[in-house]
Amino acid sequence: DNAIVNLSSALEYQQSSVISRVLLKNAGGTITLFAFDAGEGLSEHKTPYDAFLNVVEGTARIRIADAEHTLSAGDSIILPADIPHAVDAETQFKMLLVMIKAPKSA
């Protein structure tokens, strides 16, 4: 459907939790909205695909390999395929994650 989604209000924060809502999923990838309570996070992991992370509201620390970045509302960063990354919410924080399921170019 063509329903309008407001990213700030599409998910409510839940105490001591990370919650997510898949907005789009197909063979090309996924678009997922996440809401993190302050102090929550995603432990270090890696994926076989590149991902684009956009901060909708709040502030988070994003670690990619050994580099740490602090992102706030409006900031975006690329999470490269096969590189370990982690997410830690400094405040309550929402992010839009766009995963592109495409083979890496040669």
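# Strands and salt bridges in a predicted model

User: This is a predicted model, I gather. How far apart are N and O in the salt bridge between Glu-90 and Arg-61?

Analyst: In this predicted model, the side chains of Glu-90 and Arg-61 meet in a salt bridge. The pair links distant parts of the chain, with Glu-90 in the loop between β8 (85-89) and β9 (93-100) and Arg-61 in strand β5, 29 residues apart. The N to O distance is 3.1 Å.

User: Is Glu-90 buried, partly exposed or exposed, and which class does Arg-61 fall in?

Analyst: Buried would need under 20% relative accessible area and exposed over 50%. Glu-90 has a relative accessible area of 38%, so Glu-90 falls in between. Arg-61 comes out at 28%. Glu-90 is partly exposed, and Arg-61 is partly exposed.

User: Which residues do salt bridges with shared partners join into one network?

Analyst: Start with Arg-61, which has a salt bridge to Glu-90. The side chain of Arg-61 also meets Glu-68 in a salt bridge, at 3.5 Å from N to O. Through shared partners, the network joins Arg-61, Glu-68 and Glu-90.

User: What is the distance between the closest N and O atoms of Arg-63 and Glu-44?

Analyst: Arg-63 sits in strand β5 (residues 59-64) and Glu-44 in strand β3 (residues 41-45), 19 residues apart, so this pair links distant parts of the chain too. At 25% relative accessibility, Arg-63 counts as partly exposed; at 47%, Glu-44 is also partly exposed. They form a salt bridge, and their closest N and O atoms are apart by 3.4 Å.

User: How many salt bridges does the count come to?

Analyst: The rule asks for a side-chain nitrogen of Lys or Arg within 4 Å of a carboxyl oxygen of Asp or Glu. The pair Arg-63 and Glu-44 is one of those that pass, at 3.4 Å. The count comes to four.

User: In what order do the five strands of the open sheet run?

Analyst: The protein has zero helices and nine strands, and five strands form this open sheet with antiparallel pairing. β1 and β7 (76-79) stand at the edges, each with a single partner strand, so one side of each has no neighbour in the sheet. On average, neighbouring strands are turned by 20° against each other, direction ignored. The order is β1-β2-β9-β4-β7.

User: Which residue in β2 stands opposite Ile-19?

Analyst: Strand β1 covers residues 18-26, so by the DSSP numbering Ile-19 belongs to this stretch. β1 runs antiparallel to strand β2 (residues 29-36), and eight bridges join them. The residue opposite Ile-19 is Ala-35.

User: Which residues make the nonpolar surface patch of about 210 Å²?

Analyst: Patch members need over 30% relative accessible area. Leu-24, which lies in strand β1, has 43% relative accessibility and therefore counts as partly exposed. The patch is made by Leu-24 together with Leu-23 and Val-5.

User: What is the radius of gyration of the protein, and what does the globule rule give for 106 residues?

Analyst: The C-alpha trace spans about 40 × 40 × 20 Å along its principal axes, and buried residues make up 34% of the 106 residues. The radius of gyration is close to the value from the globule rule, so the protein is as compact as a globular protein of that length. The radius of gyration is 14 Å, and the rule gives 13 Å.

Definitions and conventions:
Residues are numbered from 1 along each chain as its sequence is written. This is a predicted model: local features need pLDDT of at least 70, side-chain atom pairs count only at pLDDT 80 or more; totals for chains, interfaces and linings use all residues. Side-chain values use heavy atoms; hydrogens and water are left out. Patches are made of residues with over 30% relative accessible area and no salt bridge: like charges are joined within 9 Å, nonpolar side chains (Val, Leu, Ile, Met, Phe, Trp, Tyr) within 5 Å. Accessible areas come from the Shrake-Rupley method with a 1.4 Å probe; for residues, only the protein chains shown count as cover. Helices (H or I, at least four residues) and strands (E, at least two) are DSSP runs, numbered from the N terminus. Buried means under 20% relative accessible area, exposed over 50%, partly exposed in between (1.4 Å probe, protein chains only). Two strands pair if DSSP finds at least two bridges between them. Axes are lines fitted to C-alpha atoms, for helices over the stretch in contact, and angles run from 0 to 180 degrees between N-to-C directions. The radius of gyration is taken over C-alpha atoms; the globule rule is 2.2 Å times the number of residues to the power 0.38.
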